[in-house]
Amino acid sequence: MSRARYDVAIVGAGIVGVAVAREAVREGLSVGLVDEGPVGGGTTSAGMGHVVAVGTSAAELTLARYSRELWATLGPSLPSEAGFRPIGTVWVGRTAEDRALLDRTRASLSAAGVASRPLSAEEVTREEPGLAAGGVGGLLVPGDFAVHAPAVARHLVASLSEGGRLQLLPSRAEALDDRGVRLASGGRVEARYVVNATGVRLSSLSPEVPVVPRKGQLVLLGRGAALARHQVAEVGYLSSVRSSDPLSMAFNVQPQTDGSLLVGASRQNGTSDPSVEPAVIDALVRRTREFLPGAAGLPVVGARAGLRPASPDHLPWIGPDRSGVWVAGGLEGLGITASLGAGRLLVDQMLGRASSIPIAPYLPGRSRAPVAGG
Ligand SMILES: Cc1cc2nc3c(=O)[nH]c(=O)nc-3n(C[C@H](O)[C@H](O)[C@H](O)COP(=O)(O)OP(=O)(O)OC[C@H]3O[C@@H](n4cnc5c(N)ncnc54)[C@H](O)[C@@H]3O)c2cc1C
């Protein structure tokens with residue numbers, strides 16, 4: 001049986017595992033990164049790449065804000081294929097309920113130290129002329145970014161490997177313990193710290209840490225980028241995030257650098273089928289046209305689906321699980337945004353170092369509640 005030895009063995013080369021690897025290497029630790037598939041090829045390849053300061057709880061928003069600051073530092077050093085760019089977000093509303101949600105969102109952003117500016121209906125039209133008239137106003141969050149997360153993961157793995165501190169180990173992990181990883185190939189990776197960052201499959205290697213899939217689908221519309229200047233999303237998206245309905249949908253678009261428009265996003269509970277469903281794609285396109293009439297007639301040039309890794313209370317798991325294995329996961333629909341923060345917080349804990357934000361809300365020990373309903 002072959003054996004390899006590192007300071008840190010990480011299973012999962014999605015954006016979260018790679019963020020942990022980056023932090024570990026920054027601290028001078030050697031890393032063995034195990035993945036059975038391509039780097040960034042899991043849920044990370046399906047994500048929209050909106051690095052956004054939002055949260056359905058103060059703890060989720062605090063992590064998003066903290067992580068967004070880390071993206072602001074890393075982003076300018078990324079290669080152009082990473083698509084990192086300041087995009088800003090315009091949240092829009094159409095009902096009285098939305099109006100109240102816009103106000104609450106502004107208050108919670110302000111409490112978390114995130115700058116935003118309320119927009120009247122006229123100001124929304126000035127910022128986003130492509131939107132249909134009839135809205136109740138909006139909120140501009142100028143500090144949000146867009147990024148192509150799989151390219152970031154690939155770039156970081158390549159540069160950390162070149163530096164000689166990281167080795168990519170293409171293999172399936174079968175079991176983890178506090179001293180290493182057993183591989184399906186029969187080999188073993190020994191390490192002082194073992195990290196489970198396997199996204200939606202986290203619970204299969206750490207059964208004490210519940211993660212369930214929340215499916216999401218996106219559509220790419222050709223020649224649509226000119227319809228939006230920022231990332232534009234309906235504020236109702238923020239309530240759909242916690243919906244337990246089998247299917248919910250919220251208007252959310254991101255202009256792409258190649259001239260296309262990335263359109264989201266659906267949320268589905270109770271399914272782990274990763275395939276694109278034409279009926280959901282049609283519904284997303286219809287909803288987009290309600291908000292952006294100019295989208296009518298644009299060709300659908302692509303679609304993709306992925307499984308968001310969700311915890312029962314919608315907060316991530318960052319810390320040690322019961323078996324002494326470290327976990328970083330359950331970041332659901334904010335995994336790209338929160339990846340850098342999760343990586344920093346996990347390595348802080350490994351090294352016994354104080355973190356910049358309180359870590360208690362993310363610790364795996366906070367709850368052993370059974371997974372509710374998917
Ligand atoms: C439609 C959609 C839109 C989204 N939009 C956004 C967005 O705009 N902003 C945002 O912040 N987030 C967004 N997200 C969420 C984000 O994409 C995820 O939270 C994030 O990508 C999860 O990353 P991860 O590294 O935890 O998991 P993954 O990317 O799935 O990585 C896990 C890796 O582990 C590997 N693996 C699993 N089991 C094993 C094993 N036993 N052995 C070896 N390897 C294994 C897999 O091959 C995979 O590469 C979106 C998600 C979806 C689906």
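These legends describe close-up views of a predicted model.

**View 1. Two domains make up the chain.** Domain 1 covers 3-47 + 149-210 + 313-366. Domain 2 covers 89-142 + 212-310. Their C-alpha centres lie 30 Å apart. The contact between them takes 14 residues from domain 1 and 13 residues from domain 2. On the side of domain 1 that touches domain 2, the residues divide into 5 nonpolar, 8 polar and 1 charged.

**View 2. The ligand lies between domain 1 and domain 2.** Both domains give residues to the shell around the ligand, so the ligand sits between them. The shell holds 42 residues. The closest are G14, G42, G47, G199 and G335. By type, the shell divides into 16 nonpolar, 20 polar and 6 charged residues. Several elements each supply at least two shell residues. Among them are helix 1 (15-26), strand 2 (31-35) and strand 13 (212-221). Strand 16 (261-268), strand 17 (300-310) and helix 9 are also included.

**View 3. T43 is a buried loop residue.** T43 is found in the loop between strand 2 and strand 3. It has 28 other C-beta atoms within 10 Å; the cut-off for buried is 20 or more, so T43 counts as buried. Leaving aside neighbours within four places in sequence, T43 is in contact with G14, G199, V200, G306, L307, R308, P309 and G335. T43 and A305 are 262 residues apart in sequence. In space, their C-alpha atoms are 8.4 Å apart.

**View 4. Helix 9 bends at G341.** Helix 9 spans residues 335-350. The bend is about 30°. Helix 9 is mostly covered, with 14 of its 16 residues buried. G352 follows the helix and has a positive phi, near 65°. Helix 9 also supplies at least two residues of the shell around the ligand.

**View 5. Three strands form an open sheet.** The strand order is 3-8-4, and the pairing is antiparallel. Strand 3 (50-51) and strand 4 (85-86) stand at the edges. Each has a single partner strand, so one side of each is left without a neighbour in the sheet. Strand 3 pairs with strand 8 (residues 145-146) over 2 bridges. In strand 8, A146 is the bridge partner of H50.

**View 6. Strand 10 and strand 11 form a hairpin.** Strand 10 covers residues 173-177, and strand 11 covers residues 180-183. There are 2 residues between the two strands. The strands run antiparallel and are joined by 4 bridges. One of the bridge pairs links A173 to L183 in strand 11.

**View 7. The backbone has a cis peptide bond and positive phi values outside glycine.** The peptide bond from G264 to A265 is cis, with omega near -20°. A265 has its place in strand 16. R223 is not a glycine, yet its phi is positive, at about 55°. R223 lies in the loop between strand 13 and strand 14 (231-234). It has 13 C-beta neighbours inside 10 Å and therefore counts as partly exposed. H314 is not a glycine either, and has a positive phi of about 65°. H314 is found in the loop between strand 17 and strand 18 (317-320). With 19 C-beta neighbours inside 10 Å, H314 counts as partly exposed.

Conventions
Residues numbered from 1 in each chain as written. Predicted model: local features only at pLDDT ≥ 70, side-chain atom pairs only at ≥ 80, totals over all residues. Bend = angle between axes of the 7 residues up to and from the residue. Buried ≥ 20, exposed ≤ 12 C-beta atoms within 10 Å, placed from the backbone. Pairing = 2+ DSSP bridges. Near = placed C-beta within 6 Å. Nonpolar A, V, L, I, M, F, W, Y, C, P; charged D, E, K, R; others polar. Domains from an automatic or database assignment. Contact = placed C-beta atoms within 7 Å.
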